[in-house]
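Me: Could you walk me through the aromatic rings in this one? I'd like to hear the reasoning behind each label.

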Amino acid sequence: MARTKQTAKKTTGGKAPRVTLQALHKKKDKVSAASKRPTPKQKPCINSFCVMCRDGGALLWICDEKYCRRVVCNQCLVVPDAEKDKLEADNITFKCVTCHWKQNQANPQPYFGFYSQGLPVLAHPPLVQGTFQHATSSQVASLPTALVHLHLDGLQVGHAQVNMMDSYFQPYFPKGSYHFSHLAFNLTTQESLLAYEKEAMDLTHFLSSFSRVVLFLTTHSDEERGDLFSGQIDGKPEASKVSEVQCLQLFFNPLTKIVRGADIIFNVCGSVVTVQESFNDLKEVAHKFMPRSMILFDAQHLQLASTTPYLLSLLDSIIVQGFDVSQAAKFALNDCALLGRHSNIFIFMWRSEGQGVQKVEKTLGRAFASPVPPMWNHAEVGVWFCR
């Protein structure tokens with residue numbers, strides 16, 4: 001019989017004096033060499049939710065096509081009661097709507113869903129409810145996923161937006177293969193640094209088996225220098241350069257195993273990318289820790305309420321539908337036209353070139369006065385570009 005399963009329904013800117021964190025710490029921290037985050041050996045994970053409605057009925061039909069992990073619920077694909085007994089026979093296989101369309105797009109054929117030795121089992125095509133609105137490579141993925149909010153200790157900005165992301169994605173993981181955590185930092189004293197390192201290392205160990213990690217970094221940035229705020233001394237904020245074994249390196253050193261291959265979203269104001277020195281330091285940090293992607297905005301006074309719809313659409317494509325970052329970035333721009341009036345978007349990614357790996361920075365945003373050839377257009381905002 002066809003395989004089945006069951007499921008349940010389901011502003012950051014300011015000014016602060018620059019300090020050298022090395023001068024604040026008497027002992028130089030010892031950092032272990034970066035290593036690849038281990039990937040557990042496991043069979044491909046079958047999706048937990050219907051690819052058509054993203055929810056599910058009492059029954060989910062599992063696609064038997066090679067490499068496909070999609071499922072379709074019995075509410076979206078309605079089999080007549082009189083023919084349900086046919087599905088109990090041996091050697092019955094199921095083909096999802098997506099696989100059928102991809103295999104027959106050149107020569108369209110009726111969709112029967114259930115087959116035996118390549119022949120339809122049902123006398124008539126089953127009723128398909130609703131409209132399929134996903135790309136053919138889309139799925140409703142359930143790979144073990146962790147969201148981590150790394151934020152300046154005592155900072156209230158950003159929690160609501162990140163918590164909303166958590167509320168949105170958690171229902172897609174009914175079997176517990178999901179984790180959300182906050183990790184506060186204050187790197188200005190030796191005691192607070194050691195406390196942060198211990199908590200970060202414990203979290204790294206716990207998340208070492210998660211296939212996908214998304215890390216949000218929320219802090220202030222100095223408007224003139226692009227320095228990130230690293231903590232407070234006597235209630236006064238302190239800022240530090242992005243690199244030179246400071247700030248981001250101290251943030252990421254104890255998280256190295258999960259930062260490598262992760263997607264990092266910077267909830268910081270635009271000076272970190274508009275100030276050249278800070279931008280260059282940021283690229284050095286990317287080379288050292290090799291996240292899968294880094295996403296930043298260049299608005300001088302970043303309004304997280306403006307970036308949230310874009311990030312929600314972007315992460316939905318990455319986490320739920322299984323797209324890579326470059327594809328997801330384009331889809332998300334189509335959903336969030338108003339963001340282009342507030343900020344450009346900088347996306348750092350890696351791509352393979354020959355035998356090696358080459359670093360590529362991508363800038364997505366408004367090209368009103370840019371000599372860069374347009375990559376695509378948006379009807380309401382103007383030209384979006386990639387450089």
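**Aromatic rings and their labels**

Reply: Sure, start with F279 and F348, which are both buried. Keep in mind that this is a predicted model, where local features need pLDDT of at least 70, side-chain atom pairs count only at pLDDT 80 or more, and totals for chains, interfaces and linings use all residues. Residues are numbered from 1 along each chain as its sequence is written, and side-chain values use heavy atoms, with hydrogens and water left out.

Me: How many aromatic pairs turn up in the whole structure?

Reply: Nine. Rings of Phe, Tyr and Trp (its six-membered ring) pair if their centres lie within 6.5 Å; planes under 30 degrees apart are stacked, over 60 edge-to-face, and the rest tilted.

Me: Why is the pair Y168 and F169 called edge-to-face?

Reply: Their ring centres sit 4.9 Å apart and the planes meet at 85 degrees, so edge-to-face it is.

Me: What makes F169 buried, and why does Y168 count as partly exposed?

Reply: Buried means under 20% relative accessible area, exposed over 50%, partly exposed in between (1.4 Å probe, protein chains only). F169 has 0%, so it's buried; Y168 has 30%, so it's partly exposed.

Me: What makes K95 count as lying over the face of Y115?

Reply: The rule wants NZ of Lys or CZ of Arg within 6 Å of the ring centre and within 35 degrees of the ring normal. K95 lies over the face of Y115 at 5.2 Å from the ring centre, and K288 does so over F289 at 5.3 Å.
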